[in-house]
Amino acid sequence: MTDEIGRQLASKWAKTEALLSHAQIAPHIPPTRMFTKDNLSSMLSQHSMVVIKPVKGAGGHGVIKVSREGGSYKYTYYSKTNRFQSFDGLYQSLNARRGNRRYLIQKGIRLATIAGRPIDYRVKYVKQPAGNWSITAIVGRLAKPGLFVTNICRGGTLLSGSEGIRRSFSSAKVGPKKREMRMLTQLSTQVLEGRFPGIGQLGFDYGIDTNGKIWIFEVNTRPQ
């Protein structure tokens with residue numbers, strides 16, 4: 001840890017819990033639980049599609065999309081899909097892939113797309129030497145064809161935030177959506193800085209669903 005980087009906080013769960021405590025931010029957090037057999041069963045019953053990811057991790061590594069289709073199940077890891085006729089078979093396979101790592105389950109969000117490819121957004125927020133925070137980047141990340149993760153290290157394409165919103169929605173949505181992301185970034189940082197003093201830079205991962213609602217997927221204290 002250095003003064004330039006600020007405090008590191010690897011646990012996605014700790015940051016999610018902090019943000020859920022704020023009434024204005026909580027509706028923008030997808031329903032999230034720790035990975036257990038009961039929680040997975042319950043979440044798939046409620047949402048039919050969920051994403052599971054390591055409590056500590058970055059770069060899209062270990063992120064798995066899990067779906068229920070009638071009485072059968074499937075999960076996709078990178079571009080490979082595995083199918084199961086029973087929930088127990090699904091759970092055992094996921095548990096084996098997870099190993100000893102702690103995982104989260106998050107409601108799957110159907111993201112807006114460009115040419116069928118999902119897009120999400122990274123907002124980088126940095127504390128300046130004078131003590132004030134400023135947004136240094138708002139960028140879109142377009143998934144590589146065939147993948148659902150958008151990370152650049154997984155072959156995603158970087159766009160400006162404005163271009164991403166314009167191409168997945170319309171020019172008229174660019175200003176309002178960027179303003180909402182800025183507002184949520186500022187509000188969330190106040191909550192996180194109050195809970196975890198010493199943080200110095202944050203990377204907010206946002207998604208906009210097909211209905212235009214903005215979701216906060218996670219916040220990184222060591223943004224790439």
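This briefing describes the interface between the two assigned domains of a predicted model. The assignment, drawn from an automatic or database source, gives domain 1 (12-28 + 110-220) and domain 2 (32-107). Residues are numbered from 1 along each chain as its sequence is written. Local features need pLDDT of at least 70, side-chain atom pairs count only at pLDDT 80 or more, and totals for chains, interfaces and linings use all residues, while side-chain values use heavy atoms, with hydrogens and water left out.

**Arrangement and contact**
- Taken over C-alpha atoms, the centres of domain 1 and domain 2 are separated by 23 Å.
- The contact (heavy atoms within 4.5 Å) takes 13 residues from domain 1 and 21 residues from domain 2.

**Buried area**
- About 1500 Å² is buried between domain 1 and domain 2, with 59% given by carbon and sulfur atoms; this is the accessible area (1.4 Å probe) that the two parts lose on being put together, summed over both.
- Lys 12, Trp 13 and Phe 148 lose the most area on the domain 1 side, together 46% of what that side buries.

**Polar and charged pairs**
- One salt bridge (a side-chain nitrogen of Lys or Arg within 4 Å of a carboxyl oxygen of Asp or Glu) is found across the interface of domain 1 and domain 2.
- Lys 53 and Glu 218 meet through their side chains in a salt bridge, at 3.1 Å from N to O.

**Elements on the domain 1 side**
- α1 (12-20) and β12 (214-220), among the DSSP runs (helices H or I, at least four residues; strands E, at least two) numbered from the N terminus, each supply at least two residues of the side of domain 1 that touches domain 2.
- α1 provides the largest share of that side, three residues.
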